[in-house]
Amino acid sequence: MTEKIILIEENGTKTSYTITTAKNQNNPGNTGHDNLGKTGIVFLVEDKDSQRFALKIHQRGDAALFKANADNMKKQSYPGFVEIYKVGTVDITAEVDSDMIDFKDKNALLMEYAGSNFGTAHKFLHQVDQRVAEAFKYKSLLTALKYFTQLHHPSGKGKKGRAHGDFNQRNYLCGFNIQEYLTEDKTIKDKAGLEKKMIECELKLCDSAEKEELVSLSNPSLAGDDFWLTSKFTWSFANSSIDRDTYAVGFLAAWLLSNTKGTIEARDYLKEELNIDLAQYKEGKYSFLTMQELQNKIKNYIKLKVNSENYFFIEDDHRPSTNVFVLRPVDKFSQYCLQQELKTADDFATFYCTSDYSYINIKKRLGSNSSTGEGDEINTLFSQKIYDGISYLCSTITKKIDTETSLINKQHQPITEKNELERKIKKEENELSTNKKNWNTVHSQLSPENYEELNSQLEHFSKEITTCNKNITNYNTDLSNKKETIDNINLQIQSNDLDLEVQALQYLSQKPSPNIPSCFESLTSDYKTKADKIIKETISIIKARDSRLKQSQSKDD
């Protein structure tokens, strides 16, 4: 039975949603209601257009506070948090299991579906490549620090910081549904797809962004039994919800950065390994680091570690709602490939060896620290991009030659007509010269005795001269138009030259330096074979074209 549930907004609007088989955003794949959060349960639902949402229904705790927080999050969005679309109450249709009846009239909110929670996704990191897992950890930590720093220390005059108040692994969402990549026995069935998602995903926070005085006193779930580290620190020593956030994010840092799978105290680990003291006891109470201070210290630690290895790229465009991305060389090169267009010799040189993210420099960056198959993947990306560039060049050359041939053929008629006009003009000029000569001869013989007889001849030659001049003028006008047409076609032919494309093809076989092979030689064998074939075909077309032009010029000469 397809189960449906209705959300009734305060204005009375009713919207029906289908509960999918993956009912809980926090634990996709569950079919029961056993994964409750601190305040409610979250179902994965779809609207009539099959768009996914997460529907959170209040289940425990203060219902008024649940609604107040939901209204606040809907009214005022926070960078890095999932968007709240609707707030209302639940109505139950006849198309639900009997155990759903308890949800009737409960407060609920409809929010952006942002995938599986971080804790669930983290459990499968041991099944992906070590370098991907490492990048995902760095990314998750740096992004959490960014979002929490923005929340605690908002920029802008008069803005006050807020606390999350309930940061835990279920309230940190990774942007993809882990179940889509798993078999029934919870092994990864699409490792490459999952690794790509972990690199590219957009993590987001969900649930509370509370005013400080509204915070719960419960311990963060990051101290749960399913994590490597457990906290021995007395939670009640934290002075405020902001301090609790700082401790929770610090705990996340200790958990992700520690390679120890035994029990270790987060605060001790940060102090001993990272020289970060989350809290100092002063004047009878603990004084916590601010989130800004914690972010700076951890960012510096990661930056130093990453720089020493010279492997990962850390990128943050500093827009409030964007993740910090941690990329392997293959990820950076893949991104770089999408940004490049290979049309000229300079384009190929830049992509191959001269830019910071070129193939040669990325391969140097890769070194011996690559993830499994990363070098092969970079080689394939490079070869595919170069082959696509070669295909573009060869296709462009062929099209240009076809266009050139068409333009040359287009010139034939106006050239023929131009030549005919020039012949006619020359003929008229000869006739004009003859008529003028005849007129002058007759005129020199003119006398009173022969006036009547010779005057008629003069009139005849005068008319012939006028006709010749008129014809010459008309022919010259037509000739000017024909020459303009021919010149325009010539300009089109000249602008259609093959120099850039031919130079680019020539670059492919040149060594940029004695220690660097040619771009063509760096292709994988399969792409080299394909590229060699289309290059040879194109060179044959160029030679045939050059031969035709040479023959044409010989005829003209």
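**Loops, helix pairs and buried sites in a predicted model**

His318 counts as exposed, since its relative accessibility comes to 62%. That residue belongs to a predicted model, and its place there is the loop that runs between β11 (313–315) and β12 (325–327). The backbone does something worth a look at this spot: phi of His318 is near 70 degrees, a positive value in a residue other than glycine. Asn275 tells a similar story in another loop, the one between α6 (266–273) and β9 (279–282). Here phi is near 60 degrees, again positive and again in a residue that isn't glycine. With 65% relative accessibility, Asn275 counts as exposed.

Stepping back to the whole chain, the secondary structure adds up to 14 helices and 12 strands. The protein chain has 557 residues, and 47% of them are buried. As for the outside, about 28800 Å² is exposed, with carbon and sulfur atoms supplying 47% of that area. Contacts reach well along the sequence: take those between residues at least 6 apart, and 68% of them join residues at least 24 apart.

Two helix pairs give a feel for the packing. The pair α3 (residues 130–152) and α7 (residues 291–309) packs at an angle of about 155 degrees, and the axes are 9 Å apart. An angle over 145 degrees counts as roughly antiparallel, so that is the label for α3 and α7. Their crossing is left-handed. On the α3 side, the residues that meet α7 are Arg131, Glu134, Tyr138, Leu141, Leu142, Leu145, Lys146, Phe148, Thr149 and His152. Facing them from α7 are Met291, Gln292, Leu294, Gln295, Ile298, Lys299, Ile302, Lys305, Val306 and Glu309.

The other pair, α5 and α6, has axes that come within 9 Å and cross at roughly 65 degrees. Angles from 65 to 115 degrees count as roughly perpendicular, and that makes α5 roughly perpendicular to α6. The crossing of α5 and α6 is left-handed. From α5, the contacts involve Tyr247, Gly250, Phe251, Ala253, Ala254 and Leu257. These meet Ala266, Arg267, Tyr269 and Leu270 in α6.

Thr246 helps tie these helices together on paper, as it sits in α5 (residues 241–257). At 0% relative accessibility, Thr246 counts as buried. Leaving aside residues up to four places away in sequence, Thr246 touches His152, Leu278, Leu289, Thr290, Met291 and Leu294. Some of those names have already come up: His152 is on the α3 side of the α3 and α7 contact, while Met291 and Leu294 are on the α7 side.

Leu194 is another residue with nothing showing at the surface: its relative accessibility is 0%, so it counts as buried. This leucine is part of helix α4 (residues 191–200). Beyond residues up to four places away in sequence, Leu194 touches Val128, Phe176, Ile178, Tyr181 and Ile188. One of these partners, Ile178, lies 16 residues away along the chain, and the C-alpha atoms of Leu194 and Ile178 are separated by 7.9 Å.

Asp532 makes a contrast in burial. It is partly exposed, with a relative accessible area of 28%, and it is found in helix α14 (residues 525–556). The sequence gap between Asp532 and Ile390 is 142 residues, yet their C-alpha atoms are 9.6 Å apart in space.

That leaves the cysteines. The structure holds zero disulfides. Cys519 is accordingly in no disulfide, and the nearest cysteine sulfur, that of Cys353, is 8.2 Å away. A disulfide needs two cysteine sulfur atoms within 2.5 Å. Cys519 has a relative accessible area of 0% and is buried. Cys394 has a relative accessibility of 5%, so it counts as buried too, the cut-off being under 20%.

Definitions and conventions: Residues are numbered from 1 along each chain as its sequence is written. This is a predicted model: local features need pLDDT of at least 70, side-chain atom pairs count only at pLDDT 80 or more; totals for chains, interfaces and linings use all residues. Side-chain values use heavy atoms; hydrogens and water are left out. Helices (H or I, at least four residues) and strands (E, at least two) are DSSP runs, numbered from the N terminus. Buried means under 20% relative accessible area, exposed over 50%, partly exposed in between (1.4 Å probe, protein chains only). Contact means heavy atoms within 4.5 Å. Accessible areas come from the Shrake-Rupley method with a 1.4 Å probe; for residues, only the protein chains shown count as cover. Axes are lines fitted to C-alpha atoms, for helices over the stretch in contact, and angles run from 0 to 180 degrees between N-to-C directions. Angles under 35 degrees count as roughly parallel, over 145 as roughly antiparallel, 65 to 115 as roughly perpendicular and the rest as oblique. A crossing is left-handed if the near helix is turned anticlockwise from the far one by less than a right angle, and right-handed if clockwise.
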